[in-house]
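Here is a short guided report on a predicted model, written to be read with the structure open beside it. Let's begin with one strand pair and work outwards.

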Amino acid sequence: MISTLGGFTIFLALGVTLYAVAAAIGGARTNREDWLASSRNAVLVHFCLVTLAIFLLEYALVTSDFSLRYVANNSTRGSLTRYKIAGLWGSLEGSILLWEWLQALFAALVVARYNDRHRELMPYVQAVLQGISVFFLALMAFGVNPFARVFPIPPDGRGLNPLLEVTDMLIHPLLLYLGYVGFSVPFAFAMAALISGRLSEEWLTITRRWTVVAWLFLTGGIFYGGWWSYRTLGWGGYWAWDPVENASFMPWLTGTAFIHSVMIQERKRMLKVWNLILVTLTFSLVIFGTFLTRSGILGSVHAFADGPVGAMFLGFLALVLLFSFGLIAYRSDRLKGRGELDSVVSRESAFLLNNLVLVGICFTVFLGTLFPLLAEALRGTKISVGTPYFNRVSGPLGMALVLLMGIGPLIAWGRASLDNLRRNFLKPLLAAVAGVALVYVLGVRDTQALLAFLCCFFALGAIVFEFAVATRTRARTTGESLLGAFLTLLLRSRRRYGGLIVHLGVVVAIIGIAVSSVYKVEHEQTLKAGESLGIGRYSVRFDGLAAGERPTHILVWANLAVSKDGAPFGELTPGQRFYPNQQTPFASVDARYRWNEDLYVVLSAFERDGKSATIKAMINPMISWIWIGGVIILLGVIVAVLPERRLAMLALRSRPQEA
Amino acid sequence: MKGGRVKFLVGGLIVAAALAGLVYSGVRDSMVYFYTPSELAEKRDQVAGKALRVGGMVVNGSIQWDPQALLLSFQLTDGQHAVAVRHRGTAPDLFKEGAGAVVEGTWNPEGYLRSSTIMAKHSEEYKPPTHPETLESKKAVFKSILKEEKK
């Protein structure tokens, strides 16, 4: 019943979507307002149909209707309802349906928001967004049907992989998908600008907020993924340069470049083609990343079984690239920039360099990810480059980015005078040198770490000085208190100061990444009851094993008494989870998370008689700075994108005497 | 403005060249060759000391674990040849006999692969176990340490 209804809904939505594309293009070509209105309605109907489809699949998941193959594969009776719901994005078919639903949602939001505005652009925006949906619907209709039946109907489903039955599973994938889908909006507007020939900065201005919000979701998804991996997977790290991770990182890099280069076009009317290329690349990399991870082509741990999906994604990717670059070439004579770069020492060049570095990192990640394929195709040998390659290449480039984060926002437009340079950068530079001297005295001797600290302190200094100077100037001229001046500053130039806060968050995170990777300590030892292992200033005593039954698994854990510098520091209980039907156990990490360092312990092996256990202990210094940096980025983006009107109201309420 | 253009072009080229150099040296120093156990058997004289990856199946019954020395030894096979692996430390989740694994390390001329990293491969393709284990049967295994206490 649900299978038939669901399949029918998908086909119906496909028909409606095709109609929406045709009506939008036809209406725009012939200037028929009724066709355009009908296309807008079709967009909304499409959204309702996909919502119905997703509701049907969720209903099947929650009620454990194992006649659907997808439900039988990704759900089990014993699971909590929230994990039954999360089964929707537990594997390929459901993920595609979720993606398509978000795609339909964003299209509906765009149509609802710009109903009567941007009349020349909107029909083509609709056509492009619906065109993307056509691909996903066709994928489900002819490739991976989430409503496929299974026979005989199994008595119980397999359930999610136990690693996925955690609350994080409800957040991380959704954030990523929201980011991925979000970037289709600026892409659609860019294509609409090319098709309609309205090549001014209009499309950039409209999509600015969409882009930043999409960027926020993608950034949040990436950070959250790292945090999840760190807390639960038990290898003490958060990022492994796995193809799946790279797949989300590459569009993030080009998207970040896009957010910056947009500002040059707004200000200087330059880089028009470059911006179109960046937004196209970002969207294409989203599709490419999905192809990479879902086709199984790289044989990654995350990869799904092969099927027609890979070929369909590759075909769609080729179509997107041909279509968008064809359009750019077609309009190339009208895309000549009007401005000129004046001086190498200017904000424009800093932004240009930032773009070059970001796209450069993206290229190196791309190369490293595809290296095994390239080597096999070109030389017939299987060669891969692992984590050392990525760390080595991204380290210096990341530091260059950090330096630019300090320089870019402060250096003058056009041509920076010596005076401007001295005023903005002398103090941060002195502060950075002083900071490096301080960490040297504290015992940091590693040259790379010292260089990294120099870059980070410089960027931090530049941002903090900018806030301090601007706040003081404002307080002096208006007579407001320092806090009041600071808040009005944030409200008045939200984009600028929101952006600076984001930079602050990125630098904080990079400090965390650098320090935790250079100064990480790890020790593994087998202990009998009563024995201790020493790591850093900690001593970890093994007080025996225990086991207990949990609703879905058996947990075996080690009781560890920890002391720091001889003083008791609490108990830790790392364990292993044994699931029925899973042949290997899953780690259950325990740790003390502190702002300056984490003590992280894993039970890596134990004797069945409970007499001895192998404990792996790690000290990860300043790793929490990464997550704190992530939160600062979130706050910065919120400051940057909150609607003006609402902020103005808040400001009025807080200072009634001025209203 | 011609002069300005040239300056930017030169700057861009310098950045691009630096990038290319970085990538080149990065690739050169971290290239890892991938072999099957058979290929390794053939080339074992040429690869001593080089970083390589070997992928295969963990031979049933071959896993030995010395908890005091933290030494894990096992054999990887591709059906034709088996290669002995020694790894200091414990194996990752999902590593088990009869399942796929990729080992990164160097070939020791004494006749074994000295592993630095083990990557367990698991396929999303699910195979139903012939005798499904239940929570009860798992419980029996841990009888000696099973206590009903709350964590």
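## Two hairpins in chain A

A:Gly534 stands opposite A:Ser539, a residue of β4(A). The strands involved are β3 (residues 532-535) and β4 (residues 538-549) of chain A, and they pair in the antiparallel sense over 4 bridges. Two terms help here: strands are DSSP runs of E with at least two residues, helices are runs of H or I with at least four, and both are numbered from the N terminus; two strands pair if DSSP finds at least two bridges between them. The hairpin of β3(A) and β4(A) has 2 residues between the strands, and in this hairpin A:Gly536 takes a positive phi near 55 degrees.

β4(A) also pairs with strand β5 (residues 554-564) of chain A: 10 bridges join them, and they run antiparallel. Within this pairing, A:Arg541 has A:Ala561 in β5(A) as its bridge partner. These two strands, β4(A) and β5(A), form a hairpin as well, with 4 residues between them.

As for the ground rules, this is a predicted model, in which local features need pLDDT of at least 70 and side-chain atom pairs count only at pLDDT 80 or more, while totals for chains, interfaces and linings use all residues. Residues are numbered from 1 along each chain as its sequence is written, and chains are lettered from A and ligands numbered from 1 in the order in which they are written.

## An open sheet

Which strands make up the open sheet of chain A? There are 4 of them, in the order β2-β11-β10-β9, with antiparallel pairing. At the edges are β2 (521-528) and β9 (590-592) of chain A, each of which pairs on one side only. From one strand to the next, the twist averages 20 degrees.

If you look at one edge, β9(A) is joined to strand β10 (residues 597-606) of chain A by 3 bridges, and the two run antiparallel. There, A:Ala591 stands opposite A:Tyr600 in β10(A).

## Domains and a helix pair

Chain A is divided into domain 1 (1-165), domain 2 (171-333 + 350-371), domain 3 (417-518 + 632-654) and domain 4 (521-621); the bounds come from an automatic or database domain assignment. Between the C-alpha centres of domain 1 of chain A and domain 3 of chain A the distance is 43 Å. Chain B is divided into domain 1 (1-26) and domain 2 (32-122), and the C-alpha centres of these two domains of chain B lie 43 Å apart.

How do the axes of α10 (residues 243-268) and α13 (residues 347-379) of chain A meet, and at what angle do they cross? They come within 9 Å and cross at roughly 160 degrees, with axes fitted to C-alpha atoms over the stretch in contact and angles running from 0 to 180 degrees between N-to-C directions. α10(A) and α13(A) are therefore roughly antiparallel to each other, a term for angles over 145 degrees. The residues of their contact divide into 14 nonpolar, 8 polar and 2 charged; Ala, Val, Leu, Ile, Met, Phe, Trp, Tyr, Cys and Pro count as nonpolar, Asp, Glu, Lys and Arg as charged, and the others, Gly among them, as polar.

## Where the chains meet

In all, 48 residues of chain B are in contact with 53 residues of chain A (C-beta atoms, placed from the backbone, within 7 Å). The largest share of chain B's side, 12 residues, comes from α1(B). By class, that side has 23 nonpolar, 11 polar and 14 charged residues.

Strands join the chains too: 3 bridges link β1 (residues 383-385) of chain A to β1(B), and the two run antiparallel. A:Ser384 has B:Val32 as its bridge partner in β1(B).

Conventions
Angles under 35 degrees count as roughly parallel, over 145 as roughly antiparallel, 65 to 115 as roughly perpendicular and the rest as oblique. Two residues are in contact if their C-beta atoms, placed from the backbone, lie within 7 Å.
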